[in-house]
Amino acid sequence: MAMLALCMPILPGKKEMWKAMIAEVQKDPNFAASREAAGVHERTFLQETPHGDFVILTFEGDNPAAG
């Protein structure tokens with residue numbers, strides 16, 4: 001099984017907006033279904049650092065880049 005990982009900065013002052021968006025997305029059954037249809041398992045992490053906040057996304061599956 002392959003994994004693809006991405007790290008992206010969250011703009012200053014946007015962390016609460018990002019958290020609210022993630023909470024809504026995680027409630028949406030269509031979001032989970034879209035990942036399942038693509039054959040990937042997605043995980044999202046918030047990494048808080050002295051240099052700013054980052055979102056880390058991982059996609060795991062047979063071909064996560066294609067998914």
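A pocket, as the word is used here, is an open set of grid points where a 1.4 Å probe fits, with protein on both sides within 12 Å along at least five of seven lines. With that in hand, let's walk through this structure, which is a predicted model, and come to its largest pocket along the way.

Start with the overall layout. The protein chain holds two helices and three strands, and read from the N terminus these elements follow the order β-α-α-β-β. Along its principal axes, the C-alpha trace spans about 35 × 25 × 15 Å. Of the 67 residues, 18% count as buried, and the accessible surface of the chain amounts to about 4900 Å², with 59% of that belonging to carbon and sulfur atoms. Sequence-distant pairs feature in the contacts too: among those between residues at least 6 apart in sequence, 60% join residues at least 24 apart.

Leu4 offers an example of such a link. This residue belongs to strand 1, which covers residues 2-9. Where does the chain bring Leu4 and Ala65, 61 residues apart? Their C-alpha atoms are separated by 6.8 Å. Setting aside neighbours within four places in sequence, Leu4 is in contact with Leu57, Thr58, Phe59, Pro64 and Ala65. Leu4 counts as partly exposed because its relative accessibility is 32%, a value that falls between the 20% limit for buried and the 50% limit for exposed.

Two of those partners, Leu57 and Phe59, take us inward, as they are members of the largest nonpolar core. This core has seven residues, the others being Ile10, Trp18, Ile22, Val40 and Val55. Helix 1 (15-27) and strand 3 (52-61) are the elements that give two or more residues to the core, and strand 3 gives the most, with three. Trp18 is worth a look here: beyond its neighbours within four places in sequence, Trp18 is in contact with Ile10 and Val55, as well as with Thr44, Phe45 and Leu46.

Thr44 now leads us to the largest pocket, where Thr44 is among the lining residues nearest the centre, together with Val25, Phe31, Glu42 and Arg43. The lining numbers 16 residues, and the elements that give two or more of them are helix 1, helix 2 (29-38), strand 2 (40-49) and strand 3. About 310 Å³ of space lies in this pocket. What classes of residue make up the lining? Nine are nonpolar, three are polar and four are charged.

Notes:
Residues are numbered from 1 along each chain as its sequence is written. This is a predicted model: local features need pLDDT of at least 70, side-chain atom pairs count only at pLDDT 80 or more; totals for chains, interfaces and linings use all residues. Side-chain values use heavy atoms; hydrogens and water are left out. Helices (H or I, at least four residues) and strands (E, at least two) are DSSP runs, numbered from the N terminus. Buried means under 20% relative accessible area, exposed over 50%, partly exposed in between (1.4 Å probe, protein chains only). Contact means heavy atoms within 4.5 Å. A nonpolar core is a set of buried Ala, Val, Leu, Ile, Met, Phe, Trp, Tyr and Cys residues joined through side-chain atoms within 4.5 Å. On a 1 Å grid over the protein atoms alone, a cavity is a set of points where a 1.4 Å probe fits but cannot get out, and a pocket is an open set with protein on both sides within 12 Å along at least five of seven lines; lining residues have an atom within 4 Å of a point. Grid points are joined across faces, edges and corners, and a volume is the space filled by probe spheres set on the points. Ala, Val, Leu, Ile, Met, Phe, Trp, Tyr, Cys and Pro count as nonpolar, Asp, Glu, Lys and Arg as charged, and the others, Gly among them, as polar. Accessible areas come from the Shrake-Rupley method with a 1.4 Å probe; for residues, only the protein chains shown count as cover.
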